[in-house]
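Take a look at the model below. We will walk through it piece by piece.

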Amino acid sequence: MNEGSDRRLLFVFTGPDGSGRKTVADSVGATLGIAKVISYATRKPRPGEANGQDYHFITPELYEQFERAGDFIESIRMNESRYGLRGADIEQSLREGGSIYLVLNPEGAQLLKEQYGDRVIRLFIYADRRTVEQRQRDAGIDPAILQFKMDQYAAAIAYQPSCEHAFENYDLAHTVFEIANTLEHYLQRNLVERD
Ligand SMILES: Nc1ncnc2c1ncn2[C@@H]1O[C@H](COP(=O)(O)OP(=O)(O)OP(=O)(O)O)[C@@H](O)[C@H]1O
Ligand SMILES: Nc1nc2c(ncn2[C@@H]2O[C@H](COP(=O)(O)O)[C@@H](O)[C@H]2O)c(=O)[nH]1
């Protein structure tokens with residue numbers, strides 16, 4: 001486990017796809033001035049997505065190269081696409097920017113928890129199945145991918161009890177406010193402990 005003596009925290013936003021994890025996480029991150037660590041993905045960007053902001057969009061060949069070099073702290077395959085996080089990116093962000101946040105599915109959240117132990121705070125973001133499906137349809141997700149994501153909904157929801165905190169996400173401003181308040185407590189506690 002990679003706990004070390006450092007108490008900089010990793011806030012992991014998880015939950016079902018379409019619950020609003022990215023939207024909420026980016027807003028909380030901007031409010032609190034916390035840096036995001038971005039995954040590498042082999043899929044093509046969707047409309048509105050930007051390289052280096054949503055993902056590092058890379059070719060399958062480069063992904064394989066990173067994987068062979070043992071760069072990924074965790075790596076998944078989903079719908080023919082690969083997604084992974086480079087351990088060096090996490091370590092560098094922690095060194096340079098203090099606490100960080102990430103957006104991961106429950107599998108990734110669990111793997112990070114196993115690696116970083118109690119430095120990982122999992123924030124489970126959820127909404128009901130119908131809302132989540134409608135949001136993703138409105139966002140223009142490919143119907144086959146949407147079906148795949150909805151097939152994962154129940155399994156994703158089952159991860160909630162494992163997480164340190166859970167927040168429903170209907171009123172975005174309210175959700176962001178609640179989470180920012182919660183995270184501020186962690187950040188302040190850490191400042192006091194490190195004095
Ligand atoms: N509280 C909210 N009310 C209405 N729409 C929302 C809310 N939160 C997020 N959305 C919208 O829902 C859609 C999905 O949000 P987002 O991409 O943040 O979800 P996600 O959980 O990261 O899922 P995915 O990984 O599939 O993108 C986006 O169009 C976003 O603008
Ligand atoms: N375990 C990991 N999951 C990841 C990573 N990067 C993204 N994701 C999750 O994959 C799905 C699909 O994302 P989409 O952007 O194509 O809709 C979603 O749940 C992401 O949160 C990762 O590095 N590891």
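Strand 3, residues 40–41, pairs with strand 4 in the parallel sense. Two residues show the match: alanine 41 has phenylalanine 57 of strand 4 as its bridge partner. The pairing of strand 3 and strand 4 runs over 2 bridges. Keep in mind that this is a predicted model.

Now turn to the other neighbour of strand 3. Strand 3 also pairs with strand 6, here in the antiparallel sense, and again over 2 bridges. Tyrosine 40 stands opposite glycine 84 of strand 6. Strand 6 in turn runs antiparallel to strand 5, and 6 bridges join them. Glycine 84 turns up again here, as the bridge partner of serine 75.

Put these pairs together. What is the order of the 4 strands in the open sheet? The order is 4-3-6-5, and the pairing is mixed. Strand 4 (56–57) and strand 5 (72–78) are the edge strands, since each pairs on one side only. Strand 6 is mostly covered, with 5 of its 6 residues buried. A general point helps when you look at any sheet. In a regular strand, side chains alternate between the two faces of the sheet.

Stay at the edge for a moment. Histidine 56 lies in strand 4. Is histidine 56 buried or partly exposed? Histidine 56 has 17 other C-beta atoms within 10 Å, so it counts as partly exposed; a buried residue would need 20 or more. Leaving out residues up to four places away in sequence, histidine 56 touches Ile38, Tyr40 and Asn51. Tyrosine 83 is 27 residues from histidine 56 along the chain, yet their C-alpha atoms are separated by 9.7 Å.

Next comes the turn. Strand 5 and strand 6 form a hairpin with 2 residues between them. Asparagine 79 lies in this loop, and so does glutamate 80. Asparagine 79 has a positive phi of about 50° although it is not a glycine. Glutamate 80 is not a glycine either, and has a positive phi of about 70°. Are these two residues buried or exposed? Asparagine 79 has 10 C-beta neighbours inside 10 Å, so it counts as exposed. Glutamate 80 is exposed too, with 9 other C-beta atoms within 10 Å.

Leave the sheet and look at the helices. Helix 1 covers residues 21–32, which makes 12 residues. From its first C-alpha to its last, helix 1 reaches 16 Å. That is close to the 16 Å expected at 1.5 Å a residue. Which residues of helix 1 are buried? They are Arg21, Val24, Ala25, Val28 and Gly29. Seen down the axis of helix 1, these buried residues fall within an arc of 130°, so they line one face of the helix. The general rule behind such patterns is simple. An α-helix has 3.6 residues a turn, so residues three or four places apart point the same way. Glycine 33 follows helix 1, and its phi is positive, near 70°.

Helix 4 (106–116) follows a similar plot. Pro106, Gly108, Ala109, Leu112, Lys113 and Tyr116 are buried in helix 4. They cover an arc of only 160° around the axis, which puts them on the same side of helix 4. What do the buried residues of helix 4 pack against? Their partners are strand 1 (10–14), strand 5, strand 8 (120–126) and helix 7 (153–157). Just after helix 4, glycine 117 takes a positive phi of about 55°.

Two ligands remain. Ligand 1 is surrounded by 14 residues, and the closest are Gly20, Arg21, Lys22, Thr23 and Arg135. Helix 1 and helix 5 (129–138) each supply at least two residues of this shell. Helix 1 gives the largest share, 3 residues. By class, the shell around ligand 1 has 4 nonpolar, 6 polar and 4 charged residues.

Ligand 2 also has 14 residues around it. Ser39, Ile76, Tyr83, Asn105 and Gly108 come nearest. Which elements give two or more residues to the shell around ligand 2? They are strand 5, strand 6 (81–86) and helix 4. By class, this shell has 6 nonpolar, 4 polar and 4 charged residues.

Definitions and conventions:
Residues numbered from 1 in each chain as written. Chains lettered and ligands numbered in written order. Predicted model: local features only at pLDDT ≥ 70, side-chain atom pairs only at ≥ 80, totals over all residues. Pairing = 2+ DSSP bridges. Expected span 1.5 Å × (residues − 1). Buried ≥ 20, exposed ≤ 12 C-beta atoms within 10 Å, placed from the backbone. Arc of directions from axis to C-beta. Near = placed C-beta within 6 Å. Nonpolar A, V, L, I, M, F, W, Y, C, P; charged D, E, K, R; others polar. Contact = placed C-beta atoms within 7 Å.
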